[in-house]
Amino acid sequence: MGYPSTSVQGTLTSVYNLGCFFGALSTIYTGDILGRPRVIMLGSSVIALGAIIQAASYSVPQMLVGRIVAGFGTGMNTATAGVWQAETSKMRSRGKLVIIQMANCITGFSLSNWLTLGFSFAKGSVAWRFPLAFQICQWLVLQR
């Protein structure tokens with residue numbers, strides 16, 4: 001992929017958020033049709049697909065598609081997980097579960113950042129391919 005300019009890097013970063021936006025909007029319909037658990041599984045599968053596209057990309061357009069796809073799945077999961085939790089948890093434990101969910105999100109974000117930092121010292125494309133491919137672990141965990 002070479003070394004894209006800063007404006008291209010900014011675009012690559014921003015399209016992920018666009019994918020998140022449209023993924024979250026898609027749950028307006030899919031949440032009721034498929035049900036919350038299936039939407040979360042679908043969202044995780046879409047994230048895994050996006051991670052594969054990103055990790056295998058050799059051009060900027062391919063990376064853009066991978067970022068949008070992964071963002072779409074993330075938006076689906078972000079919009080659905082909290083709703084499903086609120087619908088299924090008992091009132092007395094709902095607050096605690098919301099805090100645990102947020103702690104898990106923060107832990108995952110921290111792990112992602114530390115992984116990216118650690119691989120930034122690696123030579124070659126593994127420095128960015130492995131952290132992007134690591135998103136597939138979420139899908140693998142949910143498949144159990």
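The chain has an accessible surface of about 9,100 Å², and 71% of that area belongs to carbon and sulfur atoms. Keep in mind that this is a predicted model. Of the 144 residues in the chain, 29% count as buried. If you draw a box around the C-alpha atoms along the principal axes, you get roughly 50 × 30 × 30 Å.

**Overall fold**

The secondary structure is quick to describe: six helices and zero strands. Reading along the sequence, you get α-α-α-α-α-α. How are the contacts spread along the chain? Take the contacts between residues at least 6 apart in sequence: 71% of them join residues at least 24 apart.

**Helix 1 and the nonpolar patch**

Back at the surface, there's a nonpolar patch of about 920 Å². The residues making it are L18, F21, F22, L25, I28, Y29, I33, L34 and L42. Which helix gives the largest share of this patch? That would be helix 1, residues 6-34, with eight residues.

F22, one of the patch residues, sits in helix 1. With a relative accessible area of 46%, F22 is partly exposed. S26 is in helix 1 as well, but is S26 buried or exposed? At 17% relative accessibility, S26 falls under the 20% cut-off, so it counts as buried. Leaving aside residues up to four places away in sequence, S26 touches F72 and M76.

**A salt-bridge network around R36**

The structure holds two salt bridges, and R36 takes part in a bridge with D32 as well as one with E87. In the D32–R36 bridge, the closest N and O atoms are 3.6 Å apart. For E87 and R36, the N to O distance is 3.1 Å. That second bridge ties together parts of the chain 51 residues apart in sequence, because E87 lies in helix 3 (residues 60-88) and R36 in helix 2 (residues 36-55). With partners shared this way, the salt bridges join D32, R36 and E87 into one network.

The three members of the network span the whole range of burial classes. D32 is exposed, at 62% relative accessibility, while R36 is buried, with a relative accessible area of 17%. E87 comes out as partly exposed, at 49%. Why does E87 miss the exposed class? Exposed needs over 50% relative accessible area, so a residue at 49% stays in the partly exposed group.

**Aromatic rings**

How many aromatic pairs does a search of the whole structure find? It turns up three. One of them is F119 with F130: the ring centres are 4.5 Å apart and the planes sit at 20°, so the pair is stacked. This pair links distant parts of the chain, with F119 in helix 4 (residues 91-119) and F130 in helix 5 (residues 126-133), 11 residues apart.

F130 also pairs with F134, and there the centres are 6.0 Å apart with the planes at 40°, so this pair is tilted. Why tilted rather than stacked? Planes have to be under 30 degrees apart to count as stacked, and 40° is beyond that. Together, the ring pairs link F119, F130 and F134 into a cluster.

Here is how accessible the three rings' residues are:

| Residue | Relative accessible area | Class |
|---|---|---|
| F119 | 24% | partly exposed |
| F130 | 37% | partly exposed |
| F134 | 30% | partly exposed |

There's a charge-over-ring arrangement to look at, too. R129 lies over the face of Y58, at 4.2 Å from the ring centre. R129 belongs to helix 5, given that this helix covers residues 126-133.

**One more spot on helix 4**

Finally, have a look at N104, which lies in helix 4. At 51% relative accessibility, N104 counts as exposed; the class starts over 50%, so N104 makes the cut. How far is N104 from Y3? In sequence they are 101 residues apart, and in space their C-alpha atoms are 33 Å apart.

Notes: Residues numbered from 1 in each chain as written. Predicted model: local features only at pLDDT ≥ 70, side-chain atom pairs only at ≥ 80, totals over all residues. Heavy atoms only, no water. Patch = residues over 30% accessible without salt bridge, like charges linked within 9 Å, V, L, I, M, F, W, Y side chains within 5 Å. Areas by Shrake-Rupley, 256 points an atom, 1.4 Å probe, with all protein chains shown as cover. Salt bridge = Lys/Arg side-chain N within 4 Å of Asp/Glu carboxyl O. Helix = DSSP H or I, 4+ residues; strand = E, 2+ residues; numbered from the N terminus. Buried < 20%, exposed > 50% of the residue type's maximum accessible area, 1.4 Å probe, protein only. Phe/Tyr/Trp six-rings, centres within 6.5 Å; stacked < 30°, edge-to-face > 60°. Lys NZ or Arg CZ within 6 Å of the ring centre and 35° of its normal. Contact = heavy atoms within 4.5 Å.
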